[in-house]
Amino acid sequence: MMTEFRKQCNRPPQFHHGSIEELVAKFGREYQWKPRPKRIAAGPAKHCFYNSYRLASKHRRCLIYVEGYALLKDILFPIHHAWVVHRKSGDVIDVTSDGFSVYHGIPFRLAYVEQRWKEFPDGVSLLDGWEHGWPMLKMTDAEINDVIEH
């Protein structure tokens, strides 16, 4: 039903993508939950974007900021979320919650994440930037490929 609904919506010409879900499906990857290493303290609840950005910035050589959707362990309902992954192993480090089981998200280059946080220091979701006119939905595939980790 939602697929048909979205097809009927008029997408403004400046938008190259119709939804956040479309972006995550096209550019994202699946990750499996792993327990957070004991040496990494949990950040404040409901601040996943900041917590993940802060951790990725602190460990920029080995961690990648990822944003997308995560599924709760008890209820398979996708939640917009951010986490980091280890650059070599691909292991998820969720510095905000231990309640998720599966993650599907887009790994971003830290330079792009830092640029967005400098523009909007009060907090930012790269994918759901509705306050700023959904900049990611306006990016071409080539532009998105320039800001994600491959």
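**Note on the packing, ring pairs and salt bridges**

1. Lysine 73 lies over the face of tryptophan 33, at 3.7 Å from the ring centre. The model under discussion is a predicted one.

2. The aromatic pairs come next. Eight of them occur in the structure. One of these pairs is formed by tyrosine 31 and tryptophan 83: the ring centres are 6.2 Å apart and the planes stand at 75°, so the pair is edge-to-face. In sequence the two partners are 52 residues apart, with tyrosine 31 in strand E1 (residues 29-32) and tryptophan 83 in strand E3 (residues 78-86), so that distant parts of the chain are linked. Tyrosine 31 and tryptophan 83 are both buried.

3. The ring pairs also build a cluster, whose members are Tyr31, Trp83, Phe100 and Tyr103. Three of these names recur in a nonpolar core, which is taken up under point 6.

4. Which residues of helix H2 are buried? In H2, which spans residues 20-27, Ile20, Leu23, Val24 and Phe27 are buried. Their arc around the axis is only 95°, which puts them on the same side of H2. The packing partners of these buried residues are E1, strand E2 (63-72), strand E5 (100-108), helix H5 (135-138) and helix H6 (141-147).

5. The largest nonpolar core has 32 residues. Leu23, Tyr65, Ile106, Phe108, Val113 and Met136 have the most contacts inside this core. At least two core residues come from each of H2, helix H3 (48-58), E2, E3, E5, helix H4 (110-119), H5 and H6. For isoleucine 106, the contacts beyond its neighbours within four places in sequence are Leu23, Val24, Phe27, Gly28, Tyr65, Val66, Glu67, Leu127 and Ile148. Of these, Leu23, Val24 and Phe27 are among the buried residues of H2.

6. Another core, of nine residues, lies apart from the largest one; among its members are Tyr31, Trp83, Val92 and Phe100. Tyr31, Trp83 and Phe100 belong to the ring cluster as well.

7. How many salt bridges does a search of the whole structure find? The search finds five. In one of them, the side chains of aspartate 141 and lysine 26 meet at 2.5 Å, N to O. Aspartate 141 is in helix H6 and lysine 26 in helix H2, 115 residues apart, and the pair links distant parts of the chain. H6 is also among the elements against which the buried residues of H2 pack. Aspartate 141 has a relative accessible area of 29% and is partly exposed.

8. A further salt bridge joins lysine 34 to aspartate 91, with the closest N and O atoms 3.7 Å apart. Lysine 34 is in the loop between E1 and H3, and aspartate 91 is in the loop between E3 and strand E4 (92-93), so the pair ties together parts that are 57 residues apart in sequence. Lysine 34 is partly exposed, at 38% relative accessibility. Aspartate 91 is partly exposed too, at 29%.

9. Aspartate 98 and arginine 36 form a salt bridge whose closest N and O atoms are 3.4 Å apart. Aspartate 98 belongs to the loop between E4 and E5 and arginine 36 to the loop between E1 and H3, so this pair ties together parts that are 62 residues apart in sequence. Aspartate 98 has a relative accessible area of 37% and is partly exposed.

Terms used
Residues are numbered from 1 along each chain as its sequence is written. This is a predicted model: local features need pLDDT of at least 70, side-chain atom pairs count only at pLDDT 80 or more; totals for chains, interfaces and linings use all residues. Side-chain values use heavy atoms; hydrogens and water are left out. Rings of Phe, Tyr and Trp (its six-membered ring) pair if their centres lie within 6.5 Å; planes under 30 degrees apart count as stacked, over 60 as edge-to-face and the rest as tilted. Helices (H or I, at least four residues) and strands (E, at least two) are DSSP runs, numbered from the N terminus. Buried means under 20% relative accessible area, exposed over 50%, partly exposed in between (1.4 Å probe, protein chains only). A charge sits over a ring if NZ of Lys or CZ of Arg is within 6 Å of the ring centre and within 35 degrees of the ring normal. The arc is that of the directions from the helix axis to the C-beta atoms. Contact means heavy atoms within 4.5 Å. A nonpolar core is a set of buried Ala, Val, Leu, Ile, Met, Phe, Trp, Tyr and Cys residues joined through side-chain atoms within 4.5 Å. A salt bridge is a side-chain nitrogen of Lys or Arg within 4 Å of a carboxyl oxygen of Asp or Glu.
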